[in-house]
Amino acid sequence: MTDLRAGEPVNGFPNWAERVVVEWINRARVDPQRELAACPACPDRGCYSAMPPLLWSEALNRSARYHSDEMAKQGYFAHDSRCTLVGNINALYPVACDGASSCACVGGSPSCSTPGCTTWNARVALFGGAPLGELIAGTGDPNSAFYLWLYEPSTAQLCGIAGDNIHRWLILTAAGAVGVGMTSDATADFGGGGVPYKIPSAAHYPSQASSVDVWANWYDDEGPRSANAVVDGRCVALSLKRGTPENGAWSATVTGVGSGCHRYYVSFIDASGVEITHPATGSFGIGCDDWSGVRQQASCGTPRTGRRRAARH
């Protein structure tokens, strides 16, 4: 099974910053040694090897962004909620409830004398996710949040969860899916779910500047015939920067986008000649709406006619 709408936001999930963190996670997973070479306090860096990408999960994305919002609205920083959450919080958030205690908590306000009434994993389950682990950070910048987690200082060289390396361990070894919630705080929820796609993640960073880097991950039994970012209708070749052709992170620097609105999508031609794009339809925005159904199409390779095919399962 493949997701023919991969990359398209579902009711605003994910946003730009959330896509960046998911891409950074998958970029790190194809070449952990390169990512950790600059970590000053990662004595366990030799423990990690290349892994398949994590898939995006709407349920985990919603749970993670809700938690970032509730921490900000209720003025705390912890994994567990500070109250007993209403049982239908998934249906209420974000339109009818923004994470404030008046709408999120049983009784209309925090109803417990100590934090931790609804645990983090129970909250993820309320949003329909299958919880495995969670990371939080007190920043709204996706690059900063990711590297706070990945470069978490550790003293143990043990190849396993050693207490002070759990953020790095989850990012580089977890299997399944992930959802990231970026507001003024950051949350990443790991668990099961997600739908396989040959381009599991893609994003650009920074949000807008005279030049931005477009990144995309590819995962398939064979490497692609070609890889491009289509920016304002022109093809910008992506090159393999990390990992292997079958499981790698591809990138290009796009210039001349410091002002105005610029729309792009990522286009790979797989080994059988089929074009795979991310997002599957529409385009992402630099300096404008993160996603639009409008796409300025370009032919950057030699696709053959046929429907998009699934990534390996």
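Me: What makes strand β9 (residues 239-243) and β10 a pair?

Reply: In this predicted model, four bridges join β9 and β10 in the antiparallel sense. Two strands pair if DSSP finds at least two bridges between them, so β9 and β10, with four, count as paired. One position where they face each other is Gly-243, which stands opposite Gly-248 in β10. The connection from β9 to β10 is a hairpin of three residues.

Me: What makes strand β6 (residues 211-219) a partner of β10?

Reply: The same cut-off of at least two bridges applies. β6 and β10 run antiparallel and are joined by nine bridges, so they qualify as a pair. Asn-217, for example, has Ala-249 in β10 as its bridge partner.

Me: Why is β10 (residues 247-255) called mostly covered?

Reply: A residue is buried when its relative accessible area is under 20%. Seven of the nine residues in β10 are buried, so the strand is described as mostly covered.

Me: Why are β1 (55-56) and β2 said to stand at the edges of their sheet?

Reply: The open sheet has four strands in the order β1-β3-β4-β2, and its pairing is mixed. β1 and β2 each have a single partner strand, so one side of each lacks a neighbour in the sheet. Within this sheet, β3 and β4 run antiparallel and are joined by six bridges; one bridge partner in β4 is Asp-189, which faces Gly-179.

Me: How do you know that α1 packs on the sheet?

Reply: α1 touches β3 and β4, and contact means heavy atoms within 4.5 Å. The direction of α1 makes about 140 degrees with that of β3. Another helix, α7, lies across β2, β3 and β4 and runs at about 110 degrees to β2.

Me: Which residues of helix α8 (residues 166-173) are buried, and what do they pack against?

Reply: His-167, Arg-168, Leu-170, Ile-171 and Leu-172 are buried. The buried residues of α8 pack against α1 (16-30), α2 (32-36), β2 (130-137), α7 (142-150) and β4 (186-192).

Me: Which members of the largest nonpolar core touch the most other members?

Reply: They are Ile-25, Phe-146, Trp-149, Ile-171 and Phe-190, out of 35 residues. At least two residues each come from α1, β2, α7, α8, β3 (177-182), β4 and β5 (201-205). α1 supplies the largest share, nine residues.

Me: Which residues is Phe-146 in contact with, leaving aside its neighbours within four places in sequence?

Reply: Phe-146 is in contact with Trp-24, Ile-25, Ala-28 and Ile-171.

Definitions and conventions
Residues are numbered from 1 along each chain as its sequence is written. This is a predicted model: local features need pLDDT of at least 70, side-chain atom pairs count only at pLDDT 80 or more; totals for chains, interfaces and linings use all residues. Side-chain values use heavy atoms; hydrogens and water are left out. Buried means under 20% relative accessible area, exposed over 50%, partly exposed in between (1.4 Å probe, protein chains only). A nonpolar core is a set of buried Ala, Val, Leu, Ile, Met, Phe, Trp, Tyr and Cys residues joined through side-chain atoms within 4.5 Å. Axes are lines fitted to C-alpha atoms, for helices over the stretch in contact, and angles run from 0 to 180 degrees between N-to-C directions.
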